[in-house]
Amino acid sequence: MRRPITAAVAAIALLLTTPIAADANAMSSAEQGGRKIRMLDFNFAGNGYNKGSTGAPVDDTVAKISGLNAEIIGLNEMCYTQWVALRDRLKAKPGYGELSEQVVVTNYNIPNCYDPVVNPDGWYVMGLMSKHPSQRVMFGDTPYLDLGYHYRQRFRKLVCGDVAVPNAAVVRACVTHTEVPLVIINETSFPNDPVIADDPYYGRSINYAQAKLIADTITPMARQMPVALLGDLNELPFLPSLELFYAKCGGRGVFNEVDGEDPRWRGNIRRWVLGTEDCPHRQGEWTMGAEGLPDDYNRPYQSNRKIDFIFVDHRHFKVDADSGWVISTPYSDHRIVVGDVTLRR
């Protein structure tokens with residue numbers, strides 16, 4: 001059963017919780033500067049692609065996270081058994097002994113996810129891991145924001161944690177996974193839905209509505225503290241729902257994407273049936289697909305697309321030419337996004 005997007009908006013007024021205090025050695029926002037924070041986002045594809053395996057796919061991800069010394073980690077599409085295995089193995093790595101987690105269930109009864117002890121209900125999960133202590137952000141009385149429209153019983157959510165980064169301000173890191181645009185699936189799933197029928201982007205209605213709810217929620221937070229958004233947004237950078245996040249090139253948001261200053265995108269124009277990608281600040285290296293596939297958004301599972309993102313608010317973070325890159329892995333149909341961002345003075 002789904003609830004309208006508007007039903008969640010009331011929770012936003014209750015949301016702006018007081019950030020947790022960082023440790024005694026942390027500097028105030030006025031004093032901070034030059035502190036780089038490494039973030040990592042990955043759609044693990046734990047069910048269909050990895051068949052629930054807690055072996056090599058988990059080991060590979062742990063090695064990549066620890067090898068990169070990632071501090072803030074967003075993860076999507078994991079069996080809870082895989083989440084627990086990754087968490088426990090990562091905690092055993094040097095420097096990760098204080099690893100914290102903010103995890104939420106997005107699906108139930110996933111065939112490859114059952115485990116009689118760890119996961120008897122077949123949970124599929126997503127969430128935030130951080131090398132440093134974090135505190136869950138509450139949305140009213142709920143520890144996540146329900147994004148509504150539970151298409152095929154997929155419970156899309158936003159989960160945030162206030163991460164006490166040493167020698168820096170507390171960072172509010174949020175992780176999400178929005179719906180695949182219905183023009184790619186079957187728009188007739190919600191004919192004449194009164195909640196979205198007047199949406200000018202009805203052809204991409206659910207994805208757009210979920211993105212709007214996220215943007216409306218986290219944009220005000222960035223006035224108070226550093227905010228990052230990590231996740232699989234299932235949209236290309238130049239399309240309408242991403243205007244809600246980007247601060248550049250027609251965007252209405254307050255965020256920069258970590259790959260948005262890469263000189264490779266200057267003068268680069270890619271034309272799609274759905275539009276033209278010609279802004280260097282709203283592009284980025286592909287994150288879903290496979291080597292050698294074309295850029296063809298009208299064949300979403302036979303093409304390469306950038307749909308996984310790390311956004312940071314421009315008030316508190318500086319993004320430069322080397323801030324964003326991707327890493328391929330044989331254990332997912334997504335690539336891993338990495339971001340090095342600097343907290344502004």
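Hi everyone, this is a short tour of the disulfides, one buried leucine and the largest pocket in this structure. Please keep in mind that the model is predicted.

Let's start with the cysteines. The structure has three disulfides, and if you number the bonded cysteines in sequence order, they pair 1-2, 3-4, 5-6.

Cysteine 79 bonds to cysteine 113, with an S to S distance of 2.1 Å. That link is left-handed, at -65 degrees about the S-S bond. Because cysteine 79 sits in strand S2 and cysteine 113 in the loop between S3 and S4, the pair ties together parts 34 residues apart in sequence.

Next, cysteine 160 is joined to cysteine 174. Here the torsion is about 105 degrees, so this disulfide is right-handed. Both cysteine 160 and cysteine 174 are buried.

The third pair is cysteine 249 and cysteine 279, with sulfur atoms 1.6 Å apart. Cysteine 249 is partly exposed, at 36% relative accessibility, while cysteine 279 counts as buried at 11%.

Now, leucine 230, in strand S9. Is this leucine buried or exposed? It is buried, with a relative accessible area of 1%. Its contacts beyond the sequence neighbours within four places include Cys174, Ile72 and Phe309. Asp41 is another of those contacts; the C-alpha atoms of leucine 230 and aspartate 41 are 6.1 Å apart, though 189 residues separate them in sequence.

Finally, the largest pocket holds about 620 Å³ of space. Which residues lie nearest its centre? They are Glu77, Tyr124, Arg154, Arg156 and His177, out of 29 lining residues. The lining divides into 12 nonpolar, 10 polar and seven charged residues.

Thanks for listening!

Definitions and conventions:
Residues numbered from 1 in each chain as written. Predicted model: local features only at pLDDT ≥ 70, side-chain atom pairs only at ≥ 80, totals over all residues. Heavy atoms only, no water. 1 Å grid on protein atoms, 1.4 Å probe; cavity = no way out; pocket = protein on both sides within 12 Å on 5 of 7 lines; lining within 4 Å. Points joined across faces, edges and corners; volume = space filled by probe spheres on them. Nonpolar A, V, L, I, M, F, W, Y, C, P; charged D, E, K, R; others polar. Helix = DSSP H or I, 4+ residues; strand = E, 2+ residues; numbered from the N terminus. Buried < 20%, exposed > 50% of the residue type's maximum accessible area, 1.4 Å probe, protein only. Contact = heavy atoms within 4.5 Å. Disulfide = S-S within 2.5 Å.
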